[in-house]
Amino acid sequence: MNFHIMTLFPDMVEQGLKTSIIGRAEAKGLLSIDAVNIRDYAFNKHQSVDDYPYGGGAGMLMQAEPVFQCYEAVCQKTKASKEGKRPRLVYLSPQGRTFNQEMAEEFAKEDELILLCGHYEGIDERVLEEIVTDYVSIGDYVLTGGELAAMVMIDAIARLVPGVLHNDVSAEFESFQDHLLEYPQYSRPETWHGKQVPPILLSGHHANIEKWRREQSIIRTAENRPDLLEKAELTEKEQKFLEEYRKNSLQS
Ligand code: ADE
């Protein structure tokens, strides 16, 4: 999968993503990260890309033309454009749809994705109307720019690309995939700071371990993200377990 990031801070994005698992995946040729500097498409000698908003108001806006020229240049590089198609372009903005695992899975199906990072007070609306296909926010807070948001999205999408994680099963079974949070995990030593690993995990009884892990996931979700439980598919036994758990926690 090829990610193209349109940004005023290409180093930030490249340095953030080219290390660790995503960097290794790129070295293996499973994906590519191409950060493109919008400033390279400035059309004046000062290389400025921002100007005052019509109608007044605080701050500056990114102008339409450098963003558009940058987009055209990125499109020329994509496979889709050779077939006469345009890849999806995500504009990172607090006004977008809130990013979640389902969206990550949907974007992971694309061969090519362009991410546009805004700065200052935003971008001239006219170019957004022409090029943006998806408006995405990573949460209800305002960042200084879209770069961190683009990196969050790319990380969440890239790990779903086959081969990126060491074992493909782990992407499937983790938090959110089945609308439950992950169960607690333990490694050596068996006792640390006086705390024991739950004995069931040392029992070697796989069915019981699976059952315990599901129950722990259910408890965690009920405690921390009860909203997710509405979508979780629980068996009748698990439903009973949850009711029991809730009753007991009300009493204690
Ligand atoms: N740019 C600034 N804040 C943002 C947010 N919360 N999500 C995505 N892009 C942003």
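**A ligand in its pocket, and two cysteines apart**

Let's start inside the protein: Cys-70 is buried, with a relative accessible area of 0%. Keep in mind as you look around that this is a predicted model. Cys-75 is buried too, and its relative accessible area is likewise 0%.

With two buried cysteines in view, how many disulfides does the structure hold? It holds zero. To see why, recall that a disulfide is a covalent bond between the sulfur atoms of two cysteines. The cysteine sulfur closest to that of Cys-70 belongs to Cys-75, and it is 9.8 Å away, which is too far for a bond. Here a pair of sulfur atoms would have to lie within 2.5 Å to be called a disulfide.

Now let's turn to the ligand. Where does the ligand sit? You will find it in the largest pocket. Two elements give two or more residues to the shell around the ligand: β5 (88–98) and β7 (134–137). Of the elements, β5 gives the most, with three residues. Among the residues around the ligand are Leu-92, Ser-93 and Pro-94, along with Val-136, Ser-137, Tyr-141 and Ala-149.

Some backbone atoms are worth finding as well. A backbone N or O atom of Ile-138 lies 3.0 Å from a nitrogen atom of the ligand, and for Gly-139 the distance from such a backbone atom to a ligand nitrogen is 3.1 Å. Leu-143 also has a polar backbone atom 3.0 Å from a nitrogen atom of the ligand. On its own, the ligand has 260 Å² of accessible area, and the protein covers 96% of that.

Notes: Residues are numbered from 1 along each chain as its sequence is written. This is a predicted model: local features need pLDDT of at least 70, side-chain atom pairs count only at pLDDT 80 or more; totals for chains, interfaces and linings use all residues. Side-chain values use heavy atoms; hydrogens and water are left out. Buried means under 20% relative accessible area, exposed over 50%, partly exposed in between (1.4 Å probe, protein chains only). A residue is near a molecule or strand if one of its heavy atoms lies within 4 Å of it. A polar contact is a pair of N or O atoms within 3.5 Å; within protein, one must be able to donate a hydrogen and the other to accept it, and residues adjacent in sequence count only if both atoms are side-chain atoms. Accessible areas come from the Shrake-Rupley method with a 1.4 Å probe; for residues, only the protein chains shown count as cover. On a 1 Å grid over the protein atoms alone, a cavity is a set of points where a 1.4 Å probe fits but cannot get out, and a pocket is an open set with protein on both sides within 12 Å along at least five of seven lines; lining residues have an atom within 4 Å of a point. A molecule sits in a cavity or pocket if more than half of its atoms lie within 2 Å of its grid points. Helices (H or I, at least four residues) and strands (E, at least two) are DSSP runs, numbered from the N terminus.
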